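I set out to record what the coordinates show about the fold, the core and one helix pair. The entries follow the order in which I looked things up.

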Amino acid sequence: MLVRRIGLLALLAALTLTLGCQSASQKANQEADAAMYQPVTYANSDKPGPQVVVIPGAVKSQNATFAQKYGPNNIADFAEIELAKANFPVLERQDLGPMLQEIEVAANLGDAKTLKKFKKGKMQATNWLVRFDVLKAEPVAQVERKFDGTYLGIMAGSVVGSATGSWAAGTATGAGVASIKAEDASGIWIVGMRFKVLDANTGEQKASDYFEDKMEITSKGGGALGYTEKKTTGVTLDTMVQRLVQRAVQKMDEMK
């Protein structure tokens, strides 16, 4: 009788876990939707801003994963897209060719005399030079927990076998408990970005601010009775960088 009950419980558990598996695709799509590009509202987007040029910033993170994936040009690409959405006329970097590097050096040095030399042609109407610097991008915390039912299964099987006098009952119980596995891991990244707005005529700094955001990557998994499930969630570093750029552009939008 006891063996029959244990078998029935095992069957019910397996059915429950299997039914849960049917929603795996739905769960994966929900997580993917959360990581997709999320547009933000720019309160003054109906008002045109000054013409801007995004000059390359700096990525000062010492983390190899981030440094290999992101360079100043990747971030500037995001910034040009968001500035255009906020109704800033954007003179794209590729339109300036090699001249961009000379403008960047002059702007960073505050060399007004050199900047004036470039105020012609497409650059004539440009009023702002903006740059975005990643000052921090690093994992700051990592926590992992695991459960393995092997030893608990051995003890449970022994107890049940002794109590019932049934080797089969003890073995079935021990195997069922031993099959339980669970793991839970969470990692936290902090990414910090600074933006600067420079006067395109003088190189004088008009505004600057710094934002940080936190990214959590979680991984959960486990199973029992032959069924396993693992789920990893969290926004990507791409999404983090993009959201920080959006916050910076919202600040610039307020300056119109």
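**Notebook: fold, core and helix packing**

I began with the contacts: of those in the protein with a separation of 6 or more, 76% join residues 24 or more positions apart. I note that this is a predicted model.

Entry on the overall fold. I counted the secondary structure as 9 helices and 5 strands. Along the sequence I read the order α-α-β-α-α-α-α-β-α-α-β-β-β-α. I then looked up burial, and found that 36% of the 256 residues are buried.

Entry on the core. I asked which residues touch the most other members of the largest nonpolar core. They are Phe132 and Met252, in a core of 33 residues. I listed the elements that each supply at least two residues of this core: the strands β1 (51-54), β2 (126-148), β3 (181-199) and β4 (205-224), and the helices α4 (72-85) and α9 (237-253). The largest share, 8 residues, comes from α9. I also noted another core apart from this one, with 14 residues, among them Val53, Leu96, Leu129 and Leu198.

I next looked up the neighbours of Met252. Leaving aside residues up to four places away in sequence, Met252 touches Leu83, Phe88, Trp128, Val130, Phe132, Phe195 and Val197. As general background, I recall that nonpolar side chains tend to be buried together in soluble globular proteins.

Entry on the helix pair. I asked how α4 and α9 are placed relative to each other. Their axes come within 9 Å and cross at roughly 45°. That angle makes α4 oblique to α9, because an angle counts as oblique when it falls outside the ranges for roughly parallel (under 35 degrees), roughly perpendicular (65 to 115) and roughly antiparallel (over 145). I recorded the crossing of α4 past α9 as right-handed.

I then listed the residues that meet. From α4 they are Ile75, Phe78, Ala79, Glu82 and Leu83. From α9 they are Asp238, Val241, Gln242, Val245, Gln246, Val249 and Met252. By class, this contact has 8 nonpolar, 2 polar and 2 charged residues. I marked Met252 as a residue that recurs, since Met252 appears in this helix contact and also among the residues that touch the most other members of the largest core.

Entry on Asn87. I found Asn87 in the loop between α4 and α5 (99-109). Its phi is near 70°, a positive value in a residue other than glycine. I asked whether Asn87 is buried, partly exposed or exposed. Asn87 counts as partly exposed, because its relative accessibility is 28%.

How values were computed: Residues numbered from 1 in each chain as written. Predicted model: local features only at pLDDT ≥ 70, side-chain atom pairs only at ≥ 80, totals over all residues. Heavy atoms only, no water. Core = buried A, V, L, I, M, F, W, Y, C linked by side-chain atoms within 4.5 Å. Buried < 20%, exposed > 50% of the residue type's maximum accessible area, 1.4 Å probe, protein only. Helix = DSSP H or I, 4+ residues; strand = E, 2+ residues; numbered from the N terminus. Contact = heavy atoms within 4.5 Å. Axes fitted to C-alpha atoms, helices over the stretch in contact; angles between N-to-C directions. Left-handed = near helix turned anticlockwise from the far one by under 90°. Nonpolar A, V, L, I, M, F, W, Y, C, P; charged D, E, K, R; others polar.
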